[in-house]
Amino acid sequence: MVLEIFFTVVKDKPLCLICNEAVAVFKEYNISRHFTSKHKNSNYEAMSEYERKQNVESLCKRLSGRQNFFKKVNTIQEAATHASYIVAYNIAKNNRALSDGEFVKQCVLQVCDVLCPDKKNNFQTVSLSRKTVTSRIEAIDKNLTSQLESKIGQF
């Protein structure tokens, strides 16, 4: 974290905390040139070192909050996909109709209304349509087949 010119490092690239622009090359000249060309007439240049430090900390917190928001959305989507695979696996294992996924989703949403209405949006993101269940079962089949083939190769 460079206090004098409001930069931090994100994924090995320098990122301006003020305008959220990344600088291509991590060299002091490029970073200082960005700051002087983009933020020269701003209040940031006239701040004392203590004010800069406070401002950098608040900008870093705001940046990490935005990053965590996207991570949370991504983990919810991954969990919904995982749940979809679990239901599809159980449908196939019990020789049920592929359209039973939609019935299961209706039941889960009704139970969710009673037990945890604040989490209903998470359950609604689980895709259990007939087409999705079919593709999930096919993906499970391909995975199991490839695992079996690799085990056969080890005999």
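This is a guided walk through the structure, one selection at a time.

**Start with the whole chain**

Keep in mind that you're looking at a predicted model. Colour the protein by confidence before you do anything else: the mean pLDDT is 81, and 83% of the residues reach at least 70. Strand 1 (residues 7–10) has the lowest confidence, with a mean of 72, while helix 5 has the highest, at 94. Where pLDDT is low, don't read the predicted coordinates in detail.

Now switch to cartoon. You should find five helices and two strands. Travelling from the N terminus, the order is β-β-α-α-α-α-α. The protein has 155 residues, and 23% of them are buried. If you count contacts between residues at least 6 apart in sequence, 52% of those contacts link residues at least 24 apart.

**Stop 1: helix 1**

Select residues 28–39. That's helix 1, with 12 residues, and its end C-alpha atoms sit 16 Å apart, which agrees with the span you'd expect at 1.5 Å a residue.

Show side chains for Asn30, Ile31, His34, Phe35 and His39, the buried residues of this helix. Then turn the view until you're looking down the axis of helix 1: the buried residues fall within an arc of 135°, so they line one face of the helix. What do they pack against? Add strand 1 and strand 2 (13–16) to the display, and you have the partners of that buried side.

Spin round to the face turned away from the buried side of helix 1, and you'll meet the exposed residues Glu28, Tyr29 and Ser37.

**Stop 2: Tyr85, reaching towards helix 5**

Next, pick Tyr85, which belongs to helix 2 (residues 49–93). Tyr85 counts as partly exposed because its relative accessibility is 29%. Which residues does Tyr85 touch, once those up to four places away in sequence are set aside? They are Arg136, Ala139 and Ile140. Draw a distance between the C-alpha atoms of Tyr85 and Ala139: they're 54 residues apart along the chain, yet the separation is 9.1 Å.

**Stop 3: Thr132**

Stay in this part of the chain and select Thr132, which is in helix 5 (residues 130–153). Is Thr132 buried or exposed? Its relative accessibility is 13%, so Thr132 counts as buried. Ignoring neighbours within four places in sequence, you'll find Thr132 in contact with Ser84 and Ser127.

**Stop 4: helix 3 and the salt bridges**

Now go to residues 100–115, which form helix 3. This helix has 16 residues and covers 22 Å from its first C-alpha to its last, close to the expected 22 Å. Its buried residues are Asp100, Gly101, Leu109 and Cys112.

How many salt bridges does the whole structure hold? The search turns up two, and you can view both from here.

- Show Arg96 with Asp100: their side chains form a salt bridge, 3.1 Å from N to O. Arg96 is exposed, at a relative accessible area of 52%, whereas Asp100 is buried, at 19%.
- Show Asp113 with Lys120: this salt bridge is 3.0 Å from N to O. Asp113 is partly exposed, with a relative accessible area of 38%, and Lys120 is partly exposed too, at 23% relative accessibility.

**Stop 5: a cysteine pair that isn't bonded**

Finish by selecting Cys112 and Cys116. Why isn't there a bond between them? Their sulfur atoms are 3.7 Å apart, and that's too far for a bond, although Cys116 holds the closest cysteine sulfur to that of Cys112. Look at it from the other end and Cys116 is likewise in no disulfide, with the sulfur of Cys112 as the nearest cysteine sulfur. In fact, a search of the whole structure finds zero disulfides.

Turn on a surface to compare the two cysteines. Cys112 is buried, at 2% relative accessibility, whereas Cys116 is partly exposed, with a relative accessible area of 22%.

Definitions and conventions. Residues numbered from 1 in each chain as written. Predicted model: local features only at pLDDT ≥ 70, side-chain atom pairs only at ≥ 80, totals over all residues. Heavy atoms only, no water. Helix = DSSP H or I, 4+ residues; strand = E, 2+ residues; numbered from the N terminus. Expected span 1.5 Å × (residues − 1). Buried < 20%, exposed > 50% of the residue type's maximum accessible area, 1.4 Å probe, protein only. Contact = heavy atoms within 4.5 Å. pLDDT = per-residue confidence, 0-100. Salt bridge = Lys/Arg side-chain N within 4 Å of Asp/Glu carboxyl O. Arc of directions from axis to C-beta. Disulfide = S-S within 2.5 Å.
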